[in-house]
Amino acid sequence: MKISRNWLRKIVPFDWTVEELAEKLTMSGSEVESIEDFSHNFENILTAEVKNVVKHPDADKLTVCEVYDGSQSYSVVCGAPNVAAGQKVILAKVGAELPGGLKIKKAKIRGVESEGMICSHKELDLGEDASGIAVLPENTELGTPIREIVGEEDYILELEITPNRPDCLSHRGLAREVQALEGGRLSSPVINLTESDVDASDEVTVSIDNPGDCPRYAARVIKNVKIGPSPLWLSTILHRLGIRSINNVVDITNYVMMEYGHPLHAFDFDLFEENKVVVRGAGKGEKFTTLDEVEREIPEGSVFITDGIKPVALGGVMGGLDSEVTVNTRNILLESAYFNPVTIRKTAKAVKLSTESSQRFERGADCENLNIALDRASALIAELTGGDIARGIVDCYPDKHKLVSIQISASEVNRLLGTELSLSKIESILRLLDINTKHGDSDILTAEIPSFRPDLTRPADLIEEIARIYGFGNINSREQLAGSTEVTIPESFRIADQMRSFFTSAGFDEVVNWVLYDPKKYDKSNLQFNPVTISNPLSEDTAILRPRLWGSLLDNICYNLNRNLEDIAVFEIGHVYSAVESSDELPEQRLSLCLAWTGNARYPGWDVPARPVDIYDLKGLVEDFINEFNLRESEFVELTDDSQFDPVYDKEMLLGLNINNRTVCRFGRVAGNILSIFDIKTPVWIMELDLEYLQAKTFAQGYYKEPPKFPPSDRDLALVVDRGLQFGEIYNFITDLRLPFLEDIRLFDIYTGKQIDPGKKSLALSLRFRHPERTLKDKDIDKVMEKIISELKSKYKLDLRQ
């Protein structure tokens with residue numbers, strides 16, 4: 001939402017600087033996000049008329065124009081394609097300086113002297129149109145300095161208005177806030193409404209078939225209008241507020257919307273097939289072409305404004321192309337209506353069309369005061385177009401708004417806020433917000449809630465209003481303990497914190513992503529998921545709850561790679577979701593941990609080269625994790641079977657970790673087709689951990705033992721085995737023998753070469769032995785080694801490599 005400081009000051013006087021205004025609005029709940037300075041020196045720039053246009057004698061695309069400013073004529077060379085005699089234009093005379101810094105000087109252009117410049121809206125920062133010169137209305141007074149029309153100084157403030165404050169989506173709404181913040185008193189514009197002898201009710205009838213979706217519809221008829229460009233003051237203020245100028249009628253509806261916050265719509269009444277307005281719900285499969293020239297299928301139950309035969313507007317969202325106001329329009333029907341916020345929200349989301357109108361209606365417009373906006377716009381349209389306003393408003397309002405009252409007491413206000421406000425002070429604050437109050441002899445106050453404040457529904461809402469206007473900074477803080485201060489941390493939280501500590505100490509950064517995710521990325525992966533879909537998503541790329549964490553982390557990887565960060569190690573702890581078969585049951589929610597790793601595992605130094613991440617780095621990390629959390633019964637497994645394989649991973653680089661024959665962890669290299677979805681061209685390694693299972697499991701308790709007093713003895717063993725036999729299987733087999741003195745088994749070499757038969761490989765093992773109470777002798781170790789070799793030969797039919 002953008003507002004003009006100058007326009008706001010016309011409605012409510014204040015002497016604050018623009019920075020002070022921004023601070024006060026922000027602290028009261030309407031956060032100012034940015035301030036744009038539109039201060040320009042428009043010296044020697046004024047309105048003028050093109051009297052004569054002739055071709056340049058030495059340039060095909062240039063013309064020589066005689067321009068008259070009401071007192072003097074100037075010869076100006078112009079290159080605009082739309083210049084013509086009789087136009088009212090903007091002339092920058094010699095000595096003027098344009099907003100972009102261009103200084104106008106007398107110059108010869110291809111041999112012809114030019115005494116100024118005819119300007120476009122873009123060149124003066126008064127609009128976006130740079131295709132030709134700015135053409136002003138025919139009744140523009142000549143010689144008027146531009147600074148008298150648009151002012152030399154203005155500031156545009158952009159605010160973030162919370163969804164519960166539709167009243168602040170206008171200059172008058174924010175002026176009311178300024179009034180309450182000790183500014184001046186709110187003033188209303190003078191509406192000079194001159195009506196003709198023709199009754200509007202004789203020109204059009206209005207009926208509502210679906211009052212639940214459109215509780216009120218009002219209209220005026222304005223005849224004999226002349227459509228043309230808007231005056232400079234109007235097109236300029238709209239441009240500064242981010243709205244494109246269309247023509248004098250459409251611009252007035254937008255101007256009044258920004259003034260009062262109530263959207264209006266103007267129809268070319270001559271294009272109606274019948275002189276009536278029928279508001280009805282859209283039928284199934286109905287299509288409609290909106291003003292943006294897009295034909296859309298409209299959801300069943302949406303609001304259609306019709307002429308009794310065909311739809312002419314999608315109520316609360318956008319008008320129709322077939323009833324658009326154009327230069328040929330002579331008679332208009334001006335609409336001011338109130339629509340059900342929920343209906344408009346559903347329609348706008350379904351047709352993917354968010355407009356200034358829909359944004360206001362879906363938050364809740366003012367159903368009671370819409371006729372004020374209608375009268376204001378009608379008066380301005382008549383003034384700018386010369387139109388005749390038919391007498392009266394045709395207003396269909398079957399179920400009128402009922403006044404809501406809320407009672408509060410000064411004692412309750414002070415108890416909740418920790419203040420000592422008097423009843424009269426509370427009453428003063430509410431009245432400055434245009435909330436009428438009354439009270440008797442007690443401290444109970446009855447507030448009548450105005451129709452423009454649909455967010456006020458209970459006493460706490462009123463007390464919040466009092467607090468923000470009184471000023472949160474004026475409320476003294478105090479310590480007050482109530483109840484027990486003892487906090488019991490759930491075991492699941494403790495384990496998750498331990499895991500955070502482990503992975504951050506290992507060099508990984510924690511990230512936190514939205515649980516809402518883009519379904520298209522999962523669809524492209526061709527993986528089997530059962531996602532939880534959002535029935536009314538904020539956008540297409542937030543339409544599901546994420547079924548896995550890796551998609552979010554690959555987004556993080558892509559984002560950082562695009563910013564020349566090559567070595568990335570991140571992890572996330574979060575919930576993942578999957579739908580269940582029964583619609584009566586809630587989706588399944590599980591806590592998961594996922595990490596993603598790309599780039600170098602070791603940074604280069606003067607003595608060591610860089611080394612990229614590989615499967616062994618990830619396996620080593622998992623081994624450290626096993627040791628940290630004392631997962632004694634865990635084992636590594638290859639997930640190569642179709643029943644175990646996960647297509648997210650490269651099949652040749654995928655391992656799992658089993659606990660009690662359940663795979664609780666997968667890790668490996670991401671498959672190339674998955675990386676291509678995220679436009680990642682470098683290898684990425686990920687690990688997924690089922691925290692839900694691990695949190696429910698009782699970890700083996702850690703224990704401490706005395707450091708060994710006696711030295712170890714190491715023996716090496718080289719085994720020639722089948723190539724398909726893994727070291728892990730041999731490790732587990734030897735461990736299960738539970739041999740005395742055996743402390744550790746390590747693999748230090750794998751060899752396949754000329755001395756090894758095809759289909760075989762050599763595994764070199766280092767076995768460490770230690771006795772807790774004495775130094776081992778060779779004969780002690782020899783007995784154990786003989787046992788190991790004997791059992792291995794019996795089990796695997798292997799040979800020793802000499």
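A residue is taken as buried when its relative accessible area is under 20%, as exposed when that value is over 50%, and as partly exposed in between. The structure described here is a predicted model, and the cut-offs just given apply to several of its aromatic and loop residues.

Aromatic contacts were examined across the whole structure, and 23 aromatic pairs were found. One of them is formed by Phe-267 and Phe-272, whose ring centres lie 5.5 Å apart with 75° between the planes, an edge-to-face arrangement. Phe-272 has a relative accessible area of 6% and is therefore buried. Phe-267, at 0%, is likewise buried. An edge-to-face pair is also made by Phe-288 and Phe-304, because their planes stand at 65°, with the ring centres 5.5 Å apart. Since Phe-288 belongs to strand β16 (residues 287–289) and Phe-304 to strand β18 (residues 303–306), this pair ties together parts that are 16 residues apart in sequence. Both Phe-288 and Phe-304 are buried. Elsewhere, a single aromatic cluster is made up of Phe-502, Phe-503, Phe-508, Phe-571, Trp-597, Phe-625 and Phe-629.

Charged side chains also lie over aromatic rings. Arg-176 is placed over the face of Phe-452, at 3.9 Å from the ring centre. Lys-795 lies over the face of Tyr-796, where the distance to the ring centre is 6.0 Å.

Strand β18, which contains Phe-304, is also part of an open sheet. This sheet consists of five strands in the order β12-β15-β18-β19-β20, with mixed pairing. The edge positions are held by β12 (205–208) and β20; each has a single partner strand, so one side of each is left without a neighbour in the sheet. β12 runs parallel to β15 (residues 276–281), to which it is joined by four bridges. Within this pairing, Thr-205 stands opposite Lys-276 of β15, and Ser-207 stands opposite Val-278 of β15. The pairing of β15 with β18 also rests on four bridges, but in the antiparallel sense. Here Val-278 faces Thr-306 of β18. Val-278 thus has Ser-207 opposite it in one pairing and Thr-306 in the other.

The pockets of the model were considered next. The largest pocket encloses about 2,300 Å³ of space. Its lining comprises 50 residues, and those nearest the centre are Lys-619, Glu-623, Phe-636, Phe-727 and Tyr-731. Two or more lining residues are given by each of α17 (615–628), β35 (634–638), β36 (649–659), α20 (727–736), β40 (742–751) and β41 (760–769). Among these elements, β40 provides the largest share, with nine residues. By residue class, the lining of the largest pocket contains 22 nonpolar, nine polar and 19 charged residues.

The second largest pocket has a volume of about 800 Å³. It is lined by 32 residues, of which Val-250, Asn-254, His-265, Leu-291 and Met-318 are the closest to its centre. At least two lining residues come from each of α7 (248–260), β14 (265–268), β19 (311–314), β20 (318–319) and α9 (356–361). The largest share, four residues, is contributed by α7. The lining of the second largest pocket divides into 15 nonpolar, 12 polar and five charged residues. Two of the contributing elements, β19 and β20, are also strands of the five-stranded sheet.

Backbone geometry was the last feature examined. Most residues other than glycine have a negative phi. Asn-224, although not a glycine, has a positive phi of about 60°. This residue is situated in the loop between β13 (216–223) and α6 (232–240). Its relative accessibility is 47%, so Asn-224 counts as partly exposed. Lys-797 is another residue other than glycine with a positive phi, in this case near 55°. Lys-797 occupies the loop between α21 (778–796) and β42 (799–800). With a relative accessibility of 64%, Lys-797 is classed as exposed.

Methods:
Residues are numbered from 1 along each chain as its sequence is written. This is a predicted model: local features need pLDDT of at least 70, side-chain atom pairs count only at pLDDT 80 or more; totals for chains, interfaces and linings use all residues. Side-chain values use heavy atoms; hydrogens and water are left out. On a 1 Å grid over the protein atoms alone, a cavity is a set of points where a 1.4 Å probe fits but cannot get out, and a pocket is an open set with protein on both sides within 12 Å along at least five of seven lines; lining residues have an atom within 4 Å of a point. Grid points are joined across faces, edges and corners, and a volume is the space filled by probe spheres set on the points. Ala, Val, Leu, Ile, Met, Phe, Trp, Tyr, Cys and Pro count as nonpolar, Asp, Glu, Lys and Arg as charged, and the others, Gly among them, as polar. Two strands pair if DSSP finds at least two bridges between them. Rings of Phe, Tyr and Trp (its six-membered ring) pair if their centres lie within 6.5 Å; planes under 30 degrees apart count as stacked, over 60 as edge-to-face and the rest as tilted. Buried means under 20% relative accessible area, exposed over 50%, partly exposed in between (1.4 Å probe, protein chains only). A charge sits over a ring if NZ of Lys or CZ of Arg is within 6 Å of the ring centre and within 35 degrees of the ring normal.
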